[in-house]
Amino acid sequence: MPDGLRLTVLGSGSCELRRQRSSPSYLLMAGGNAFLLDMGQGAWRALTRQGVSPAMLKGVFLSHHHLDHIGDLLPLLFALNYDPLMHETARITLFGHPGLAKVLEGLAGVFGSWARPPRENLRTVWLEHGERSELDGLQILAGAASHIETSLAYRLGFGGLSLVYLGDSEYDPSLAELARGAELVVAHCAASDERPKPGHLGPTQAGRLAAEAGAKALLLSHFYREVDPLQAVAAAGKVFDGRVLAAEDGMCLDLEPAAGAKLHKS
Ligand SMILES: [Zn+2]
Ligand SMILES: [Zn+2]
């Protein structure tokens, strides 16, 4: 394990139910600690296949509560109550917009105590736009993603390195500010340039955002069938000088200060 940040793509897809691409989820390793970015359906299976037990997670960052990003939340809540390993050992901090409290309340309203884990197992930290936090050496800054009211983007820093997770978002100059000089920007490229979707980035917009931010590398993800990843990389590369990569499930990126994003494919 390197000293820097390691991002493993657990799901590079969307709401589409596909064999090759699970819904959005990413494992972030920082200083030996494991964090999860979003948990679309399939996240737990993909995480355990990486040799990481969900019980080891320190923190989970939710970008927003569209179902493709939280499909595995309910299984987590249930497991924290009734999976003996999780119940006895998991100490997870859940980060999100304050509006997500209603989602948890709603799930508990429907499923009762099965979906209401003990506080010692799941602590919640709700962040407003611009708020900072810290967990086990990971520096956290919440940004405003232009998608739905309860969306957050995150800047996550460790050991002088920064990764910016935009979640689902439209182009917004404030996101370029959030991503200023970051080693890696993870952008959800859910639209093609030819068929823009409100609330989402196309590849050229993602590239422009990374260029304005002065970021070192850009990872395009959250692919729908209609978006060709190779064409998306080419389009973003026309407006961004840094490295551009298309996410695949299982892809692993090591971030080191000098090298930017160094690609390891598992
Ligand atoms: Zn969304
Ligand atoms: Zn989405």
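These legends walk through a few views of a predicted model.

**Figure 1. The whole chain at a glance.** Start with the full fold, which has 8 helices and 15 strands. Laid along its principal axes, the C-alpha trace spans about 50 × 40 × 35 Å. A compact globule with 266 residues would have a radius of gyration near 18 Å, and this chain comes in at 17 Å, so the two agree. Of the 266 residues, 50% count as buried. Take the contacts between residues at least 6 apart in sequence: 59% of them join residues at least 24 apart.

**Figure 2. Strand β2 and its cover.** Here we zoom in on β2, residues 25-30. How many of its residues are buried? The count is 6 of 6. Both faces of the strand are covered. On one side sit S25, L27 and M29, while Y26, L28 and A30 sit on the other, and all of these are buried.

**Figure 3. The partners of β2.** Now bring in the strands that pair with β2. Strand β1 (residues 5-11) runs antiparallel to β2, and 6 bridges join the two. To find your way along this pair, look for L5, which stands opposite A30 of β2. Strand β3 (residues 33-39) also pairs with β2 in the antiparallel sense, again over 6 bridges. A handy landmark in that pair is S25, which faces M39 of β3. The hairpin of β2 and β3 has 2 residues between the strands, and G31 takes a positive phi near 60 degrees there.

**Figure 4. Inside the largest nonpolar core.** This view turns to the largest nonpolar core, which has 81 residues. Nonpolar side chains tend to be buried together in soluble globular proteins. Which residues have the most contacts inside this core? They are L28, L163, V185, L218 and L220. L28 is one you have already met, as a buried residue of β2. Leaving out residues up to four places away in sequence, L218 touches V185, A187, A206, G207, A210, A236, F240, G242 and V244.

**Figure 5. The buried side of helix α3.** The last close-up shows α3, residues 73-82, where L73, L76, L77, A79 and L80 are buried. These residues cover an arc of only 165 degrees around the axis, so they lie on the same side of α3. What covers them? The elements over the buried residues of α3 include β3, α2 (67-70), α4 (84-89), α5 (100-111) and β6 (122-126). The β3 in that list is the strand that pairs with β2.

Methods: Residues numbered from 1 in each chain as written. Chains lettered and ligands numbered in written order. Predicted model: local features only at pLDDT ≥ 70, side-chain atom pairs only at ≥ 80, totals over all residues. Buried ≥ 20, exposed ≤ 12 C-beta atoms within 10 Å, placed from the backbone. Helix = DSSP H or I, 4+ residues; strand = E, 2+ residues; numbered from the N terminus. Pairing = 2+ DSSP bridges. Core = buried A, V, L, I, M, F, W, Y, C linked by C-beta atoms within 7 Å. Contact = placed C-beta atoms within 7 Å. Rg over C-alpha atoms; globule rule 2.2 N^0.38 Å. Arc of directions from axis to C-beta.
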